[in-house]
Amino acid sequence: MTRYRRYRQRGALPFTAAVLSVGTALAWLLLRLDSPQWQRLLGNWRQYYPQLAYKRPTLGDPLRGLVQTVWLLLIRPARPARGADLSRGRGVRWLRRLGSGSLAMVQRVRQPLVQLMRRLPRMIGGSHALAQTQQRIKASGTTGERVFYWVLAIVGMFIALLCVTSPFNLYAQLIFVLTLGGMAMLMRYMPGRFPTLMMIILSITISCRYLWWRYTSTLHWANDLDLILGMILLLAETYSWLVLILSFVQSVWPLRRPVKALPEDRRLWPTVDLVIPTYNEDLSVVRTTVMAALGLDWPRDKLTVYILDDGARESFRAFAKEVGVGYIDRHDNRGAKAGNLNHALERLTGDLVAVFDCDHIPVRAFLQLTVGWFLQDPKMALVQTPHHFFSADPFEHNLGSFRRKPNEGELFYGLIQDGNDLWNATFFCGSCAVLRRSALDDIGGFATQTVTEDAHTALRLHRAGWNSAYMRIPLAAGLATDSLAAHVRQRIRWARGMVQIFRLDNPLLGKGLSLFQRLCYANAMLHFLSGLPRLIFLTAPLAFLLLHAYVIYAPAVLLLLYVLPHMVHASLVNSRVQGPYRQTFWGEVYESVLAWYIMRPTLVALFSPKRGAFDVTVKGGMNQSDRLDWQIARPYLVLAALNLVGLGFAVWRFSYGPSNEYGTVVVSSLWVIYNLLLIGAALAVAAEVRQVRKFQRVPVKLPAALRLPDGHLYPGLLYDYSDGGAGIELDTERDLAPATEVMLLLERAGREFVFPGKVMRTVERQVGISLAGLTLQQRIDYVQCTFARADNWLGWSDSHVPDRPLRSFFDVLALGAMGYYRVIEYAPAWVRWPIQPIISASRWLLSYFPRMPRPLSSDSMKSTT
Amino acid sequence: MTVVALSGIRGGTGTTSVVAALGFALHTLGQRVLMVDLNPRNLLRLHFNLALESADGWAVAGQEDEARWSEALLQVLEGLHLLPYGTLAANALAGLELHQRAHPDLWVQRLQTLHAHFDWILLDLPATLADGQPGVPMLPDTVMRLRVLEADAACHALLSTEGAGDDYLLVNRFDPISQLQRDLLLLWGERHSRLIPQVIHRDEAMAGALAWKSPVGYYAPDALATRDVRSLATWLLAEGGHDA
């Protein structure tokens, strides 16, 4: 009876529980279960039968147990040697041993080479001959030096030209790419910037050679359709090539600008107007930002905070009065955000203008760390800091990669802006930046012609000869867009704006910019034109499979010999340069998601730049239910269907087509599969995961304490906080009833603050507290104790997993597969019902499969319960 | 060995409880500690579960035979020792005072003899009376002096009029709910370089500890006051280390 109850407790149905308990009783009768051997097994059954460990007991379980037992007894060795690989069968183990043997041999050759490569830069740097040569060159005077380097450059260019243009046959090409590939593989291990430059040069050489080959020998001039489709693909590839080269230029040498200290004498510090433009955002969003702004470490008489309300709302005016900040509204809304800022500029008098979007909360050290450069350089017009987000963007929360992988913006704010800074081409990003007032007046205020006023303003500052700086320290944080639709809308606006600037105020033309500033701006703008080329790549192999058009008129093997090295080299360089900021191949995913949506607006903007209205990004709020954003996913479903048809055609062509096309069919199919998985990844992003909390909670680790109504105080660790509440983990478990009135003690810069709150829930040592009833001053203090801490966002990227290109590649592929799974899961019933039984049946069958025994960890318990 | 003399800047700042708590905290950090009660009121012993009637102490033991003063030493735990004052009648107290005045370096010598046995000696001194005044023995110059105060106007006034010299200042019973206390702490932080960066919070556990006749670290190991005292002990280890 107790047995029956125990089965019931674990969730078994009455009948099942009855059958199982009778079965167990029989087993006790027939088997000597009280023997020590049996007892040992029974004591650890969860370890030996992991598939049954935490599942609801069902009638199939005895069979599952039997299968597992047979497997354990017959196939898996009972007591394997330590360190032996338990996870595979005998045959696989034998293969692995063979593999690892040869791998060990390879390692034996590779290890010393890698070691040598790691040491090489230092050896070269310390070499006597090199120093002598350098001295000799220096000794020959500036002219001699110049001649030497020019000769070197010309010889180098000549060799590069030769490498790019000389036609090779199959074997020559094979040897060529293997040599270069080997060099790049070895250089990967050399630390320092010089090897990076070398790898970039190798990559450029290979890519140029590929493009040259494509132009000279892969177009099928005899057939019109082949030629037209081929040219389209080739143009798209040329675009990618251009963007690749420009991105190398942009990110080759990130500046990593240090902080410039402020003078001791505070009278020299400039006056600052901090403006917070808002249009239709909620007061609760703006309030936190204003309160943090009030706590900036800056002389009180030199800092004025203004709310620039384009919505002219009474509640905002009242709030501004209450906390004592300036309030400026206007009624015409012309020029959107830029117009709003310009309108306010007329009323401001400070030396500097700090701009914060209403949902970017500054930390207290913001001005102290940025203003120094304005005092150092009288021509400095702009200091930009990164946009940091403490909530997950749609990619992160739909893919579950929040804080584990660099997010989409990290490449731009971590690397590209730093690279731009080297060429004095830092872009203004509309928020989290300080600008010099006189510089703004010089160019006639913020630029209003385009929908991306920020980049355009920076461009005009640079044209007028002003300087810019980028501080790669997150000094403000905000909410990321919370749904894919909103994210896409925001990107559409950026894309449209950048293309508008490209047409109206082309950075390649006009005066005032240096060559590299032009290239940086051009790349930023070209980058947003990626929609059409990406769509072309996603459909290109279909041209052959569906229409039998030879878009690349070359033998399949030769194509592979050209295109693979091009891709491998580019990935190697990107992994090295961008690795910490964007994992290899994830850019493809981001691009694929946006491709369809930014294609049309960018093309429209390209041909008629004056059209299109300003669109404010919607932020905050919850997704109603766990669902797939079908609206967003539709174009990708169409693309997926097309590619699936292409795959069907591939099978048909392989079965019935001429044998000399086999190679082409195989290569095309591989390409189609890759595309399908990319599209799948885009679909995976479209499957929205529900966001439960209205207030985004920020994970932290801060010392804190709790004061109970009886006067007892208990220390703990604040583990998360939000606008309206906080979570504290006490050192010991404490039984606190919900709605207990408590005080939260927090510390800021050696001072302590107390916030009255209510216990919401207690789970073991963790206590959730709601802080709804704070007074205004308390609220300001609270924001400054939490959001505005100077070191808040510094260690944010510590939990990122390091980039490994191949691993990342498979991650992306797996993501693609998951995308399709999710589509089926969320599909309407009429789609799901023919497929669902297949999935359920295969799942059910798989559940009978034997599993590897594993030591029980708390982790595995979490995943199964 | 480091000798720390704790006294309140005024009466009733909770010095005795701090001595007991600090002694216990230093002991948990693996130090050999002796707590000496130099306050004739003889309350420190109550933190270590001695009976209210127990009258033994160094003053009583030393009365008959000067050399036997240290026989009143009690071991609370392995490595944690206590020397109570003892209960003296009024006339005996006057006699002790005369004796101390005749031999001003009495405690200097006594500390000398204890030197080898302890890492820390904590002295619980009565408040109000400054060094050298009647009832308070002269102490060697190497003693680290720690004044216990509360963040209130009385202590602020005393700090402003009398000052605290080179003594360290320790804020006890700090209650961040009080705007006055927060402001005073901020002010003192700017004015007094010897303000110890660790306060002890006003915590009900501190009051409960004496009622329970134990140091706070023993009575309520998870209380904030306990953690404060532990931090203070750690701070002393760092500070006393380079002072000695």
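Buried here means under 20% relative accessible area. With that cut-off in hand, let's look at one corner of this predicted model.

Start with strand β3 of chain A, which is covered on both faces: A:Gly326 and A:Ile328 are buried on one side, and A:Tyr327 and A:Asp329 are buried on the other. That back-and-forth fits the usual pattern, since side chains in a regular strand alternate between the two faces of the sheet.

β3(A) has a partner, too. It runs parallel to β2(A), with 4 bridges joining the pair, and A:Asp329 is the bridge partner of A:Asp309. Put helix α14(A) together with these two strands and you get a right-handed β-α-β unit.

Now for the helix itself, residues 314-323. Its two sides look like this:

| Side of α14(A) | Residues |
|---|---|
| Buried | A:Phe316, A:Phe319, A:Ala320, A:Val323 |
| Exposed, turned away from the buried side | A:Glu314, A:Lys321, A:Glu322 |

Why do the buried residues A:Phe316, A:Phe319, A:Ala320 and A:Val323 sit on the same side of α14(A)? Because they cover an arc of only 100 degrees around the axis. In general, an α-helix has 3.6 residues a turn, so residues three or four places apart point the same way.

And what do the buried residues of α14(A) pack against? Their contacts are β1 (272-278), α13 (283-294), β2 (303-309), β3 (326-329) and α29 (776-785), in chain A. Just after the helix comes A:Gly324, with a positive phi near 80 degrees.

Zooming out, chain A is divided into four domains, among them domain 1 (127-166) and domain 4 (698-799). The centres of those two, taken over C-alpha atoms, are 63 Å apart.

Key: Residues numbered from 1 in each chain as written. Chains lettered and ligands numbered in written order. Predicted model: local features only at pLDDT ≥ 70, side-chain atom pairs only at ≥ 80, totals over all residues. Heavy atoms only, no water. Buried < 20%, exposed > 50% of the residue type's maximum accessible area, 1.4 Å probe, protein only. Arc of directions from axis to C-beta. Contact = heavy atoms within 4.5 Å. Domains from an automatic or database assignment. Pairing = 2+ DSSP bridges. Right-handed = clockwise from strand over helix to strand, strands pointing away.
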